[in-house]
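Trainee: Could we walk through this model together? I would like to learn how its parts fit.

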Amino acid sequence: MAGNVIILTESNWHAEVINSEKPVLVDFWAPWCGPCRIIAPLIEELAMEFGDKVKFGKLNTDENPNIAMQYGIRAIPTLMLFKNGEVVDTRIGVQPKEALKQMILSHT
């Protein structure tokens with residue numbers, strides 16, 4: 001995993017997502033999830049493209065079930081865009097890179 005995508009956990013969730021001054025795209029995933037492996041490289045590419053404008057993070061739902069429950073994650077991959085600590089957009093399942101890019105651009 002590239003250095004541009006943060007590994008999110010219950011211990012760093014507030015600091016990295018809720019209190020972030022930048023928008024944060026969170027990829028809710030699990031290691032056993034095939035579609036999650038498909039979307040991972042797209043998240044990496046977007047993280048490189050957006051650089052310092054947007055933060056990107058991955059949250060393993062198996063290791064952090066409380067956060068997954070808090071946000072009602074029922075299917076993975078689920079991508080949520082947070083701005084000022086609030087969810088402003090959500091996508092479920094594998095998405096084309098351009099769709100994700102538009103989702104981010106519409107909230108930045």
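Mentor: Happily! Let us begin with a definition: a residue counts as buried under 20% relative accessible area, as exposed over 50%, and as partly exposed in between. Keep in mind that this is a predicted model.

Trainee: Is Phe50 buried or exposed?

Mentor: The cut-off for a buried residue is under 20% relative accessible area. Phe50 has a relative accessibility of 8%, so Phe50 counts as buried.

Trainee: Which class of ring pair do Phe50 and Phe56 form?

Mentor: Phe56 is buried too, with a relative accessible area of 1%. Planes under 30 degrees apart count as stacked and those over 60 as edge-to-face, with the rest called tilted. The ring centres of Phe50 and Phe56 are 6.2 Å apart and the planes stand at 45 degrees, so the pair is tilted.

Trainee: Let us turn to the sheet. Which strands stand at its edges?

Mentor: The sheet is open, has 5 strands with mixed pairing, and follows the order S1-S3-S2-S4-S5. Each edge strand has a single partner strand, so one side of it lacks a neighbour in the sheet; these are S1 (5–8) and S5 (86–92).

Trainee: In which sense do S1 and S3 pair, and over how many bridges?

Mentor: Within this pairing, Ile7 stands opposite Lys58 in S3. Strand S3 covers residues 55–60, and S1 pairs with S3 in the parallel sense over 4 bridges.

Trainee: What angle does the direction of helix H2 make with that of S3?

Mentor: Helix H2 spans residues 34–50 and packs on the sheet. There, H2 touches S1, S2, S3 and S4, and its direction makes an angle with that of S3 of about 155 degrees.

Trainee: Which backbone oxygen does the side chain of Asn12 reach?

Mentor: Asn12 sits in the loop between S1 and helix H1. With a relative accessible area of 19%, Asn12 is buried. At 3.0 Å, its side chain reaches the backbone oxygen of Ile7.

Trainee: Which residues form one aromatic cluster?

Mentor: Trp13 and Phe28 make a good start: Trp13 is buried at a relative accessible area of 2%, and Phe28 is buried at 0%. The cluster is made up of Trp13, Phe28, Tyr71 and Phe82.

Trainee: Over which ring does the charged end of Lys58 sit?

Mentor: We met Lys58 in S3, opposite Ile7. The charged end of Lys58 lies 4.9 Å from a ring centre, and the ring it sits over is that of Trp29.

Methods: Residues are numbered from 1 along each chain as its sequence is written. This is a predicted model: local features need pLDDT of at least 70, side-chain atom pairs count only at pLDDT 80 or more; totals for chains, interfaces and linings use all residues. Side-chain values use heavy atoms; hydrogens and water are left out. Two strands pair if DSSP finds at least two bridges between them. Helices (H or I, at least four residues) and strands (E, at least two) are DSSP runs, numbered from the N terminus. Contact means heavy atoms within 4.5 Å. Axes are lines fitted to C-alpha atoms, for helices over the stretch in contact, and angles run from 0 to 180 degrees between N-to-C directions. Buried means under 20% relative accessible area, exposed over 50%, partly exposed in between (1.4 Å probe, protein chains only). A polar contact is a pair of N or O atoms within 3.5 Å; within protein, one must be able to donate a hydrogen and the other to accept it, and residues adjacent in sequence count only if both atoms are side-chain atoms. Rings of Phe, Tyr and Trp (its six-membered ring) pair if their centres lie within 6.5 Å; planes under 30 degrees apart count as stacked, over 60 as edge-to-face and the rest as tilted. A charge sits over a ring if NZ of Lys or CZ of Arg is within 6 Å of the ring centre and within 35 degrees of the ring normal.
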